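Thanks for making time. I will go through some secondary structure today, strands and then a helix.

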Amino acid sequence: MDYRAMEKKWEKKWEETKLYSFDPNQPGEKKYVLEMFSYPSAAKLHIGHWYNYGPADSFARFKRMQGYNVFHPMGFDAFGLPAENYAIKTGIHPKDSTYANMEIMEEQLRNIGGSFDWNHTVKTCDPGYYKWTQWLFLQLYKNGLAYRKEAPVNWCPSCNTVLANEQVVDGCCERCHTAVTRRNLTQWFFRITQYADELLADLPKLDWPERIKAMQVNWIGRSEGAEITFSLENGGSFPVFTTRADTLFGNTYCVLAPEHPLVDSITTPEQKEAVDQYREYAAGASDIDRLSTAREKTGVFTGGYAINPINGRKVPIWIADYVLFSYGTGAVMAVPAHDERDYEFALKYDLPIERVVEGGEGLPYIGSGKLINSPGFDGMENTKGIGAIVAALEEKGMGKLKVNYRMRDWLISRQRYWGAPIPMIHCEHCGVVPVPEDQLPVELPYDVDFTPDGTSPLLKNEAFMNVTCPVCGQPARRDADTMDTFVCSSWYYLRYPDCENTEEAFNIDIMDKMLPVDMYIGGAEHACMHLLYARFFTKALRDMGLLHFDEPFLRLVNQGLILGPDGEKMSKSRGNVVSPDDYIDQYGSDVFRMYLMFGFSYIEGGAWNDDGIKAISRFLDRVERLVGQVCENGKPQGGEKVASAAEKELLYVLANTVSRVTDDLERLSFNTAIARIMELVNALYRYREAGANNAAILWKAMGDLVLMLAPFAPHFAEEMFNRMGGEYSVFQQKWPECNEADMVRDIVNIAVQVNGRVRARLDVEAQADNKAIEAAALADEKVQAALEGLTVQKVIVIPKRLVSIVAK
């Protein structure tokens, strides 16, 4: 069969009949199935796209056949750095390249045979979409969840833009791998930390992989401790956060982050040069590098001193890059006797080390014990000492219990062109004011020089930048930055069901019917970015009264990664990228899709190897031949009359296959499901080759086989169903049900062991009692040969499974 011609025929039919267009009024429970949408950075789908979208589509088709009213949309995450970098390299405008790529990729996604509803699609770079991204920004701003401040940021000197902490990998830009530096810039932030506790508390409710939930727990990083105020020798003070207030008497020095604003005022003239040099050095490291336990501890004395509030001791203040201004308070009370990092630093710079907790053979000691060298608290268990010391500080107004988080507020400003403009205006008279909602969208101008120079490209377009202040009517300037593209993807799942709405971002009644997403499928690399941000957006919009649910994605599945043939991640630089096009031209998309699902565990992935793709093609050829044989005499009249053992065995295999494949598909275990379908095909061939020919049973088995194949090979199954006289479409048929009665075998095959080794296998009646089974086992020729010269000591019968004979 010409698979490609056959596939194009059915794709045309599906399109003409709008088979996959979602109708909310159709019967069946709603099932919202969604894959993370793709970024159109290249003109063609690669194997990674196929591995995500093909199997996920099979799951959606399976649910459709189970009677669910499946909503399965698709769109494009179209803003971002790659298109802009491509424009800088080639001179092709990001808008032109992105729209061209989306057109090609949409056609390819159709050719996958996907059951996507293209009437419900989003393209995040379309003004009709980012108008509402900007509107949502304004709602966050009105509710105190969007704000602007100066802060140290990760800066990629190659991309010439700010990066969120999550976008820095091993100290380098995740996109171009350039070493990241630090800068102080005034930026826009979303106050995600306001939802830190709820983001943690709701994780156990979600049907998500445990490792993803653990990653979010670690990223949020909730810790309970105390905030303690240290006075400065020459006036002023600074707070520190610690989980070990019990060790306060062991504090021998304090450390500030190099970028801490107090550093300038406390540094003495004698130390200024050294401090300035060290601050420049620290600015060259990313937050990730600075927090690394493997990184050598370095620092410089400022010349300033602080006063320990519990004992009045004067302690020196150092700066060191292992303290971050963006984490906690940007200051640390160092207790080298009871902290490994402080201990290393103290040894290196010959600072005092004083034990205040008993225990252990040496220092640093970080375990529990009784307090010592802590006047007024000596002898107290250190765990109780925490509360007692904080209470004493609280009486002085110098301390209090506090919860701290590792997670920082979400930095969303980007000094790039290809993104949604931030809808704010800067007026000399009125300050920062929002763009009026009736003036949205603030559209990206086409005529922009986006050659990177360290400033926002939009600054170079005066026609865009110059605007009238909506408050006072005086000349003003637009905000020149664009939003992090993760803002666009933090709400796209809300837009799909109501994508044509021009009056609002989404209608709350439609949201109540369609959301949350029932099944969300995508990569684990988004655990601490997209998935966390989408949860924050959902909760924030709920609190504004715009949504009535708490979580965006009820169930999450992470597909694995298809590696290159060399076992490494596919990349052009490695030369190990595998294109699916040649395989599809040769075998068709169904064969390629089935091979991806059969050759790899969907959750794990693996290195690409095409050794088995021909076997999948041959398998479908075998099914086609079976359909042809069964159809020779047309559909039989009358029901299935079971008489022979062969017929009972075939029905048993069929019932077992339906049951197991259904369970496998629920778990997205596609490889085992396909393997079970192959076993059914083998059973059908054995039945035919044995001369059995109950036409009604064959027709029943073949019909169920085609239905079970439909999610995996949609075009092929549609063709086979048509040849069997089925009424279009196979995807409007009911998923096969397991006949429990057929799962009970009249004859069972059991193993017979002699002294732990299997010596024979017996077919016995399923209802045979233990004595009859024992007698049959002992009478078997192979068993008797194994027992020659031995005396049977014991016989153990496990019904329907095993006979174990012990002999000496």
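What follows is a short walk through strand pairing and one helix.

Keep in mind that this is a predicted model.

I start with an open sheet. Its 4 strands come in the order β4-β3-β7-β15, and the pairing is antiparallel. Which strands are at the edges? They are β4, residues 161-163, and β15, residues 410-411; each of these pairs on one side only.

Now the β4 end of that sheet. Strand β3 covers residues 146-156, and 3 bridges link β3 and β4 in the antiparallel sense. One contact to look at there is C156, whose bridge partner in β4 is T161. As background, strands of a sheet pair through backbone hydrogen bonds, either parallel or antiparallel.

Next, the strands around β20. Strand β20 spans residues 475-478 and pairs antiparallel with β17, residues 424-427, over 2 bridges. Here H426 has R477 of β20 as its bridge partner. β20 also runs antiparallel to β19, residues 466-468, and 3 bridges join β19 and β20. In that pairing, V467 stands opposite A476.

How many residues lie between β19 and β20? The two strands form a hairpin with 6 residues between them. In the turn, G473 has a positive phi of about 80°.

Last, helix α21, residues 645-666. Why should α21 span 32 Å? The helix has 22 residues, and the expected span follows from 1.5 Å a residue. The end C-alpha atoms are 32 Å apart, so the model agrees with that expectation. After α21 comes L668, which has a positive phi, near 60°.

That is the tour; I will take questions.

Notes. Residues numbered from 1 in each chain as written. Predicted model: local features only at pLDDT ≥ 70, side-chain atom pairs only at ≥ 80, totals over all residues. Heavy atoms only, no water. Pairing = 2+ DSSP bridges. Expected span 1.5 Å × (residues − 1).
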